[in-house]
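Trainee: I have the model open and I'd like to learn how the terms are justified. Can we go through them one by one?

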Amino acid sequence: MPEYKAPQRDMMFVLNDIINVSELAELPGFEDATPDIVQGVVDEAAKIIENTIAPLNETGDREGCRFDNGMVTAPAGFKEAYQLYTESGWTGLDKSIDFGGQGLPYTLATAVSDMLCAGNDAFSLYPGLTNGACEALMEHGSQELQDTYLEKLTTGEWTGTMCLTEPQAGSDLSQVRTRAIDQNDGTYLIEGTKIFITGGEHDFVDNIIHLVLARLPDAPAGVKGISMFVVPKFMVDSDGNPGARNPVVCASIEEKMGIHGSSTCVMSFENATGYLIGNANEGLRYMFTMMNLARLMVGLQGLGVAERATQGAIEYAKERKQATAINGGETIIHHPDVRRMLMTMKALTEGCRMVAYDTAKHYDISKAHPDESVRKTANDRVELMTPICKAFATDVGCEVASLGVLVLGGAGYIRESGMEQYIRDAKIFCIYEGTNTIQALDLVGRKMKMNLPQTFIKEMINDLATESGNDELGFIVEPMQAALNLLDKTTQWLTAAALEDPQNPAATAVEYLTMYSLVTHGHFWIKAARAALAKQDDDFYKAKLVTARFFANKILPRIYGLAPVIMAGSEPVMTAEEDWL
Amino acid sequence: MTKVLIIAEHDGKHINGSTARAVTCAQGLSAESVEIAVFAAEGTALAGQAATLSGVTKVLLIENPANEHALAAVLAPQIEVLASEYSHVLAPSTTFGKDLTPRIAAHLGVPQISDIMRVESPRIFDRPIYAGNAIVTVEAPAGIVVATVRTASFSEAETTGSATIEKREVNIELPSHTRFVKLETSGGGDRPDLQAATKVVSGGRGVGSKDNFNVIYSLADKLGAAVGASRAAVDAGFIPNDHQVGQTGKIIAPELYMAFGISGAIQHLAGIKDAGTIVAINKDPDAPIFEVADFGLVGDLFEIIPELEKALA
Amino acid sequence: MKILVAVKRVVDFNVRIQVKADGSGIASDGVKMSMNPFDEIAVEEALRLKEAGKAEEVIAITIGPKASQEQLRTALAMGADRAIHVETDEDIQPLTAARILNAIIDKEEPKIVMLGKQAIDDDNNQTAQMLAALANWPQATFASQLEVDGDVANVTREVDAGLETIAVDLPAVISADLRLNEPRYVKLPDIMKAKRKPIDTFTLADLGVEAAASVKVLKTSAPATRQAGIKVETVDELVVALKERGLF
């Protein structure tokens with residue numbers, strides 16, 4: 001099983017050469033995010049992740065979680081690794097200083113998550129879900145709720161969960177039925193069953209704080225009748241410590257295809273005491289404010305598994321000898337088709353990194369910039385890029401993991417190689433936190449109505465115009481000119497076709513998202529190529545140019561298959577009667 | 001005028017083989033004379049041994065109760081007194097020599113050259129850097145050359161010599177700030193850690209059973225080596241998996257790797273490709289491991305191991 | 001008491017170094033650099049002594065270009081109190097390093113100077129011993145265990161024959177070996193705190209240090225590739241061959 005090595009060179013390249021992370025230190029509140037801190041964060045997080053968390057990836061997969069009478073034990077080593085990680089302050093990196101965080105930019109948290117997810121996707125979910133709970137309380141919780149829960153969640157001393165899904169309410173949360181009864185003393189009794197709750201129960205910490213979507217008895221039907229509650233596993237006493245046990249129990253854990261190290265629980269709320277967050281009937285709206293970050297996190301999981309699979313496949317291909325290649329090379333990395341697969345893995349993975357980090361920077365700007373219009377523009381970019389970061393990066397995770405097994409051949413199919421685990425882990429990233437279908441519908445629906453995809457296409461076209469003088473970038477600029485034109489045309493077709501029949505965008509959303517993502521990647525590959533041209537004596541930059549060229553010639557043209565598919569609309573998809581299938 | 005002084009390493013009873021290797025290195029310096037200095041509390045026998053090393057012209061014996069244990073702070077000042085007569089002062093690159101020679105060099109105001117692998121000329125040498133992943137050819141500046149000799153790069157000098165032995169008095173005040181307390185020799189308890197050991201004895205499916213693995217343990221103990229195993233041996237239950245060497249086990253780089261009854265699957269070889277010397281013993285002359293072994297011996301490991309142990313005794 | 005710990009910026013131990021084809025050295029552009037692993041162990045030991053109440057101050061020092069300050073920041077983030085940067089772009093060899101450290105010892109008067117036993121780039125294993133010589137202090141090299149008892153340090157050293165324990169009067173120079181300790185993981189809040197800890201910068205001229213004569217590197221080559229092996233006929237032949245190589 002190959003070890004994980006944080007791709008620090010590539011990460012620093014994206015941070016410095018692509019997104020100019022140093023600009024963040026000029027924003028109020030982010031003065032500490034200077035280059036030495038950025039380097040220190042990447043270096044030290046890499047060490048702890050490589051040495052204490054990544055080695056548990058395979059063992060965690062083999063062992064899985066154990067359920068026994070309401071108690072869940074995570075795989076061996078997870079608890080100790082979690083405690084070391086949180087005691088070292090990593091979970092509080094971008095959280096409020098008022099509650100024990102370090103107040104550093106989300107962009108740096110993204111770089112750390114890049115490594116955490118690649119090191120151990122299952123493990124990353126424990127602090128990952130806690131982030132959501134923190135954000136909900138930070139944005140919408142009362143002072144009292146914040147004072148009670150936020151500090152321990154920030155430091156990781158307690159963990160949090162998002163209890164949304166029920167058997168009949170997954171993608172459609174308006175169907176939630178869990179009940180909340182007002183006790184007229186500031187508390188509510190919560191009753192119902194939640195499923196697929198990540199980290200609902202485990203053995204790491206003294207308290208688990210569940211954020212639960214539930215309905216009040218007199219709530220309006222549908223999406224406007226859902227409220228959000230805090231339901232702690234242990235009631236918090238006057239000293240701030242866990243006290244009486246609250247009747248919220250783990251009824252069982254799921255046997256899943258992958259991410260075995262993560263406990264996926266059925267949670268039973270048996271008249272457990274809960275506290276209302278914010279206002280009644282606004283729960284779904286509150287949940288949506290956390291949605292962007294949760295979705296970006298899943299995108300990083302996709303990037304993580306892609307990075308892992310790419311590292312393992314390259315290492316294998318450099319050692320494995322089978323049949324002399326046409327160019328005389330003895331190892332399989334010299335076989336053209338193996339090289340094709342590896343370059344595909346490399347280009348897609350590095351592209352996802354650029355998009356993810358750039359989106360994170362826009363998020364930071366949307367929160368910290370003193371100028372409101374700058375904040376809004378940055379927020380628009382985050383809104384646009386969220387479905388792309390989530391859906392495309394997770395699709396990439398699946399594609400790259402699958403290629404990884406193929407590169408290893410028969411050995412890839414064998415568990416011991418470690419490669420097949422990535423396929424099993426990757427699939428859920430396309431599903432949870434809003435299936436990739438939901439992401440695509442969001443892009444062609446809400447985001448299209450906000451005019452965001454169209455605006456960014458214009459921006460990309462403008463940026464491209466400034467490059468067209470540069471001959472050396474012609475290899476990517478020219479294909480991107482054609483690509484942007486086609487994307488523009490397809491987008492216009494789609495907005496018109498939506499008015500004719502809303503099934504048109506619905507039936508082609510996934511292909512549209514893929515096409516949009518590919519062109520977005522091209523936009524970043526131009527930046528990468530430009531940066532690399534300036535420093536060509538270094539192998540790293542030579543590799544960047546070659547990868548940019550591979551992207552332009554071998555990946556970007558996928559859009560030429562997608563465009564006609566999109567523009568064929570929904571009719572070929574929907575015409576068959578239900579019974580004919 | 002090249003005159004070499006070698007500082008002998010010993011345990012009170014025997015001049016060790018590393019000193020003999022330093023003598024061989026010195027031969028490459030085209031020296032007018034190669035002399036050995038023996039520092040001991042009582043060193044007549046030691047000096048006698050040193051005098052047999054072929055190529056040595058003289059042995060200096062410096063006896064002093066303070067010299068009973070090799071303490072750098074005590075030996076260095078004495079060597080510095082002698083050094084003025086020599087162009088080169090060498091010691092083997094053992095913990096003894098590494099501890100001692102830089103102190104001498106600094107007091108003499110000259111740089112030191114560590115781990116000479118090859119002598120090109122009296123002032124030009126090859127030495128390893130980056131854990132041996134690169135070799136530098138270096139030239140010592142003017143002045144006395146103080147250096148340590150990489151023992152694995154030179155064979156031991158023959159013991160056919162008969163140098164003169166000369167007792168020397170070095171009357172200087174010696175420091176008392178460094179005092180020997182005790183020495184615990186290894187091999188009395190735990191075996192070395194597989195990942196860090198310089199020698200590893202490994203067994204494969206050919207060993208046949210858990211009980212039979214005792215022959216591997218036994219040889220390892222005689223060599224002060226760690227014990228490794230192939231995946232096949234671990235899968236068959238002969239030995240726990242923390243001994244597994246290979247792509248999915250431990251990747252190691254000992255100076256000596258001895259593989260008994262291991263066929264040499266690619267995954268196993270991936271774990272040992274950076275080993276210094278690979279020795280393979282297997283009944284099957286076509287076993288793949290012979291393709292990578294520096295020394296291969298076709299035969300029955302149960303016969304060969306006892307013979308090896310006899311040779312070591 | 002004060003403890004001075006010297007740390008060196010080296011190519012990260014995970015990097016597979018490439019020898020330049022023209023023999024002029026190692027390809028180092030864009031290569032990941034880190035604190036020498038043995039030096040990290042030295043810093044850790046110094047911090048443990050401080051946490052045990054045996055020392056009041058741990059000072060980290062490095063000699064090198066501006067970028068070496070990164071390693072000082074790491075030492076500060078681990079817990080060192082302040083740092084000294086002797087700034088130079090020249091290649092500094094052990095004797096010159098020892099002279100520099102000796103000048104600093106005169107200024108700071110530490111009771112213990114800790115170094116890693118060797119740097120993983122040049123693998124010289126000399127600086128600690130040379131410093132001890134110049135300062136006329138005891139040296140305790142290859143330490144795998146350290147106990148400080150008043151003005152004496154009892155140091156167990158990893159030697160070829162096993163474990164040797166010596167007692168040295170302080171002040172002394174100690175070099176750390178691999179098994180001395182396992183360095184702590186740096187905590188994020190401490191990375192932030194390290195920013196506010198002082199780093200004082202000096203040049204060799206400021207310290208009145210003259211560079212020593214250096215060993216000249218004539219060329220850098222890749223090591224010989226693994227040669228095909230031979231089959232021996234008897235155990236005796238094998239034993240002779242292994243003895244030749246110093247392995248038996």
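Trainee: How many salt bridges does the rule count over all chains?

Mentor: The count comes to 64 over all chains. Keep in mind that this is a predicted model.

Trainee: What makes Lys346(A) and Glu350(A) a salt bridge?

Mentor: Set the distance against the cut-off. The closest N and O atoms of Lys346(A) and Glu350(A) are 2.7 Å apart, and the rule asks for a Lys or Arg side-chain nitrogen within 4 Å of a carboxyl oxygen of Asp or Glu. So this pair passes. Both residues sit in helix H9 (residues 336-368) of chain A, four residues apart, which is about one turn of the helix.

Trainee: Why is the meeting of Asp99(B) and Arg157(C) called a salt bridge?

Mentor: Same kind of check. The N to O distance between the side chains of Asp99(B) and Arg157(C) is 3.4 Å, and the limit is 4 Å, so the name fits. This pair spans two chains, B and C. Across that interface the rule finds two salt bridges, along with 33 residue pairs in polar contact.

Trainee: Which element of chain C gives the most to the side that touches chain B?

Mentor: That's strand E9(C), with eight residues. The residues on this side of chain C divide into 35 nonpolar, 17 polar and 18 charged.

Trainee: How many residues does each chain bring to that contact?

Mentor: Chain C brings 70 residues and chain B brings 77. The area buried between them is about 5900 Å², with carbon and sulfur atoms giving 57% of it.

Trainee: Why quote an area at all?

Mentor: Because the size of an interface is often given as the accessible area lost when the parts come together.

Trainee: What makes strand E16 of chain B and E13(C) a pair?

Mentor: Pairing needs at least two bridges. E16 (residues 295-298) of chain B and E13(C) have three, in the parallel sense, so they qualify. Look for Phe295(B), which stands opposite Ile230(C).

Trainee: How do you know that strands E4 and E5 of chain A pair?

Mentor: Count the bridges again. E4 (residues 179-182) and E5 (residues 188-198) of chain A share four, in the antiparallel sense, and the minimum is two, so they pair. Asp182(A) stands opposite Tyr188(A) there. These two strands form a hairpin with five residues between them, and Asn184(A) in the turn has a positive phi of about 60 degrees.

Trainee: Which other strand does E5(A) pair with, and over how many bridges?

Mentor: E5(A) also pairs with strand E11 (residues 264-276) of chain A, antiparallel, over nine bridges. In that pairing Lys194(A) stands opposite Met267(A).

Trainee: What makes Lys195(C) and Asp36(A) a salt bridge?

Mentor: Their side chains meet at 3.5 Å, N to O. The limit is 4 Å, so the label holds. The count between chain A and chain C is five salt bridges.

Trainee: Which element gives the largest share of the side of chain A that touches chain C?

Mentor: Helix H2(A), with eleven residues. That side of chain A divides into seven nonpolar, nine polar and ten charged residues.

Trainee: How confident is the predictor in chain C, and in the complex?

Mentor: Chain C averages a pLDDT of 95, and 100% of the residues score at least 70. For the complex, the predictor gives an ipTM of 0.92 and a pTM of 0.90.

Methods. Residues are numbered from 1 along each chain as its sequence is written. Chains are lettered from A and ligands numbered from 1 in the order in which they are written. This is a predicted model: local features need pLDDT of at least 70, side-chain atom pairs count only at pLDDT 80 or more; totals for chains, interfaces and linings use all residues. Side-chain values use heavy atoms; hydrogens and water are left out. Contact means heavy atoms within 4.5 Å. Buried area is the accessible area (1.4 Å probe) that two parts lose on being put together, summed over both. A polar contact is a pair of N or O atoms within 3.5 Å; within protein, one must be able to donate a hydrogen and the other to accept it, and residues adjacent in sequence count only if both atoms are side-chain atoms. Ala, Val, Leu, Ile, Met, Phe, Trp, Tyr, Cys and Pro count as nonpolar, Asp, Glu, Lys and Arg as charged, and the others, Gly among them, as polar. pLDDT is the predictor's confidence in each residue, from 0 to 100.
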